[in-house]
Amino acid sequence: MSGQMETTLIPVLSPEEIAEIDAEISHVPYRSAVAIDALKIVQAHRGWVSDESLRAIARHLEMSAEELEGVATFYNLIFRRPVGDNVILLCNSISCWIKGCENLQAKITEQLGINLGETTPDNQFTLLPVTCLGACDKAPVMMVGDALHENVDAETLTKLFREGGE
Ligand code: FES
């Protein structure tokens, strides 16, 4: 009985997640080298990485949860809280700032009713800040899901939100 209870307390990665993580591990000399990939894999399956998921990944990679937490915190595309179906990552580094990302942020807030770090009540969009996305010459820049949007203006936003982030 106590063994059973213990089992339910141990967070378990799904067989698919383990298979994908192990496939990454097979290419590297030590397990912890795939920390970011493993976090991304679990996030792709679950939408975000809970504390339980993080502990399960850490155990699988034979590293401490603290070490993995450090990686997850440093890599800001890993979500440690639940997010909406479409995550808007608005770049607020220098080039995008010069090109008016604050304005865009205000427009997003106006159109979707959310501030940075918030999710729309219908769970469709989460707005998060991100550091330079490497497309400074096309500033202001943001990502919605996997898609990079360059030279973003009010029109881009209206179109995007009308189409539900597609
Ligand atoms: S500063 Fe925004 S993409 Fe580089």
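This is a short talk about the fold of one protein chain, looking at its two domains, one strand and one helix.

Okay, housekeeping before the fun part. What you see is a predicted model, where local features need pLDDT of at least 70 and side-chain atom pairs count only at pLDDT 80 or more, while totals for chains, interfaces and linings use all residues. Residues are numbered from 1 along each chain as its sequence is written.

Let's start with the whole thing. The chain has eight helices and four strands; helices (H or I, at least four residues) and strands (E, at least two) are DSSP runs, numbered from the N terminus. Along the sequence the order goes α-α-α-α-α-β-α-α-β-β-β-α. The C-alpha atoms fill a box of roughly 60 × 35 × 25 Å along the principal axes. There are two domains, 2–74 and 86–162, with bounds from an automatic or database domain assignment. Their C-alpha centres lie 29 Å apart.

Now zoom in on strand β1, residues 86–91. Is it buried or exposed? Six of its six residues are buried, so the strand is largely enclosed by the rest of the structure. By buried I mean that 20 or more other C-beta atoms lie within 10 Å of a residue's own; exposed means 12 or fewer, partly exposed is in between, and C-beta atoms are placed from the backbone. Asn86, Ile88 and Leu90 point one way, and Val87, Leu89 and Cys91 point the other.

Which strands does β1 pair with? With β2 (residues 125–130) it runs parallel, over six bridges, and with β3 (residues 142–144) it runs antiparallel, over three bridges. Pairing here takes at least two DSSP bridges between the strands. Follow Leu90 across: its bridge partner in β2 is Pro129, and in β3 it stands opposite Met142.

Next, helix α7, residues 101–112. Its buried residues are Cys101, Leu104, Ile108 and Leu112. Seen down the axis, the buried residues fall within an arc of 50 degrees, so they line one face of the helix; that arc is taken from the directions from the helix axis to the C-beta atoms. The face turned away carries the exposed Glu102, Asn103, Ala106 and Glu110. And what do the buried ones pack against? β1, α6 (94–98), β2 and α8 (154–162), where a contact means C-beta atoms, placed from the backbone, within 7 Å. Right after α7 comes Gly113, with a positive phi near 75 degrees.

So, back to our strand: β1 has α7's buried residues packed against it.

Note on methods:
Two residues are in contact if their C-beta atoms, placed from the backbone, lie within 7 Å.
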